[in-house]
Structures are given as structure tokens and as C-alpha cells.
Amino acid sequence: MAVQESVAETITGRWSRLYGTLYTFLGRTMLDGFGQEGERVLRRAVHDYGAYRACCMNADHRARGLALNLANLQNLGDMPNTDSLEKGDRVCTPSYFRVVVNECTHNDTWRALDSLDVGRIYCAEVHHPMYEGYAEDISLDLPEYLTKDDEACLFILHQPRAPEPAAEPVADVHPECKIARLYGVLYCFLAQAMLDNFGSEGESALREALAGYARHAAGSLNEDHLARGWERQDGTIKQAEGTSTLAGQAVYDGWCEVEGEDTPMGMIYFEEIHQPA
């Protein structure tokens, strides 16, 4: 079991870096290519992405008979718990959750890419709608975060009248599938925002950003076999029988979840990363 958990953590960490890198290339393109309007569009897209995650977690937990409380939000949420989160200075009660996060793979990725400004937008926009949208009586204070050059991220969550937790343990989704799905969902929100707001110029910028991302992350993309299991059929992407991977299928499922089976944004991704002209 220990070996399996170690392998899963390694894969999850790699996906976290890909997640942060993909966001950087698309976010940087919006900021540098479209100025103040690009920043406005990026902020709105990240905010809407956070709100969408809250809605999905709420619906998932209700469907599984889980109480909408801080314990289930943290332990059975849509983002896999990392070592840095688990080892952080934590205080947990039914109505109060406080954690200090000293290390973050996304922050490390943004810093390495000289894009803390892009990361700050993510941190400022995603967390409040994601946590506070999960349950109407939850509130978040986020006075410090690493992308502001604070020493740590400080998350403080309140839920004054927390419902009782579920009595029985509930099986959760594999961590690799969690981060891979979010990778696909985040991409759709950013890509659609670029096309909706900037038209053909936005599509050209999106394709250029994806091509740059693919060149930068080629090793990890190839290592995780993201293309395996996807093939073009009549202008759409379909799963090739018997060849899908756990993570690759989760990315594809994330696209379909947001866009439907035709996955137009997924097709652009597929063309630029896996089948360049």
C-alpha cells in the first residue's frame, strides 16, 4: 500500500505541475496579448471556474448523502490533498478550519516561469467562489498567500452551524483522476473565455499558447501518455477502445463535462499538442 500511495503522489505531483504550467501559458497570453481587457477576462474565467467547482462538489456530496461541512470539503473535495497541505499547521473543528501552507507546487511552477503575477490572479479569484459557493454558510479568509510573496498561504474557513458529518466512511476518487479532471475543466474555462471575448484573434492566441506549452512540457506530456486513448473520428475526439489511461480519460471526461461530447475546445487542444500541423 505504501508503494502505491508513493506512486500516486508522484503522478499527482506531476499533474499539479502540468496544471500550473498550462494555466501560466494561457494566462500569460491573455495578459500580454490583450492588456487590461485580457486581465479582466482572465479574472472572470478563473472566478467562474472556482464557482463551477463549488457547484460540482455541492452536487456530488449531496448525491452521495454527505453533509455539506468543512470536514467533507477538505477531505472529499475535488482537489487531491498534497503533502504540503497535510503537513501544514492545521486546526480543525466542526465549525472552524485553519491551515498554513508553506509549499505549493503551483506557486513553485509560477515562480520558475517568472509568472507570479499570473499566479496571483488565480489565488485572488478562485478560492472565495470555490469555498464559499460549496455551502452558503461557509466563509473564507485568505489574508496571506505565497504568490504575494507572503511566507505562506493562510486559509481560514468558518461554518458557524456546521451539519453533522456522515456516519460511515465514503470511498473517494483516485487523486490522479481528480487533478487530471481539473486540468481539463480549467483548460475549457480559459480557452472558452479567449474565444468568446477575442474571437478569431483569441483562437490564434490560444493555439499559439498551447503550442508553446507543448514544447515546454513535452517530457511530462509524453510521460503521462495524454494522447493515448484519444483519436479523431469525423471531426471530434473519441476514446480509442482498449487504449485509454486513467489520467487521460479524466481529462477527456472533464472536457465533455463542460462542453458536451463534441468538445470543441478539446479538439483545439488535441490539434495543437498531439497532432500539430
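Two rings of Phe, Tyr or Trp, the last taken by its six-membered ring, are said to pair if their centres lie within 6.5 Å, and a pair is called edge-to-face when the planes are over 60 degrees apart. In the predicted model described here, this rule gives a count of 14 aromatic pairs. One of them is formed by Y187 and Y269, whose ring centres are 5.2 Å apart and whose planes make an angle of 70°, so that the pair is edge-to-face under the definition above. This pair joins distant parts of the chain, since Y187 belongs to helix 6 (residues 175-216) and Y269 to helix 9 (residues 264-273), with their positions 82 residues apart in sequence.

The surroundings of the two rings can be described through their accessibility. Y187 has a relative accessible area of 1% and is therefore buried, and Y269, with a relative accessibility of 0%, counts as buried because the limit for that class is under 20%. Both residues also take part in a wider arrangement, in which ring pairs connect W15, Y183, Y187, W255 and Y269 into a cluster. A contact of another kind, between a charged residue and a ring, is found at Y145, where K148 lies over the face of the ring at 4.7 Å from its centre.

The protein chain as a whole contains nine helices and six strands. Of its 277 residues, 50% are buried, while the area that the chain exposes is about 13,000 Å², with carbon and sulfur atoms supplying 48% of this surface. Among the contacts in the chain with a separation of 6 or more, 71% are between residues that are 24 or more positions apart. An individual example of a residue within a helix is T21, which is placed in helix 1 (residues 2-63) and which, at a relative accessible area of 7%, is buried. When the neighbours within four places in sequence are left aside, T21 is in contact with T109, L113, Y213 and H216.

Four strands form an open sheet in the order 1-2-4-3, and their pairing is antiparallel. The edges of this sheet are occupied by strand 1 (89-93) and strand 3 (139-144), each of which pairs on one side only. On average, and with direction ignored, neighbouring strands of the sheet are turned by 10° against each other. Helix 5 (residues 116-132) packs on the sheet, where it touches strand 3 and strand 4, and the direction of this helix makes about 155° with that of strand 3.

The pairing of strand 4 can be followed on both of its sides. Strand 2 (residues 96-101) and strand 4 (residues 153-158) are joined in the antiparallel sense over six bridges; within this pairing, R98 has I156 of strand 4 as its bridge partner, and Y96 has H158 of strand 4. Strand 3 likewise runs antiparallel to strand 4, to which it is joined by four bridges, and E144 stands opposite L154 in strand 4. Because five of the six residues of strand 4 are buried, this strand is largely enclosed by the rest of the structure.

Terms used
Residues are numbered from 1 along each chain as its sequence is written. This is a predicted model: local features need pLDDT of at least 70, side-chain atom pairs count only at pLDDT 80 or more; totals for chains, interfaces and linings use all residues. Side-chain values use heavy atoms; hydrogens and water are left out. Rings of Phe, Tyr and Trp (its six-membered ring) pair if their centres lie within 6.5 Å; planes under 30 degrees apart count as stacked, over 60 as edge-to-face and the rest as tilted. Helices (H or I, at least four residues) and strands (E, at least two) are DSSP runs, numbered from the N terminus. Buried means under 20% relative accessible area, exposed over 50%, partly exposed in between (1.4 Å probe, protein chains only). A charge sits over a ring if NZ of Lys or CZ of Arg is within 6 Å of the ring centre and within 35 degrees of the ring normal. Contact means heavy atoms within 4.5 Å. Accessible areas come from the Shrake-Rupley method with a 1.4 Å probe; for residues, only the protein chains shown count as cover. Two strands pair if DSSP finds at least two bridges between them. Axes are lines fitted to C-alpha atoms, for helices over the stretch in contact, and angles run from 0 to 180 degrees between N-to-C directions.
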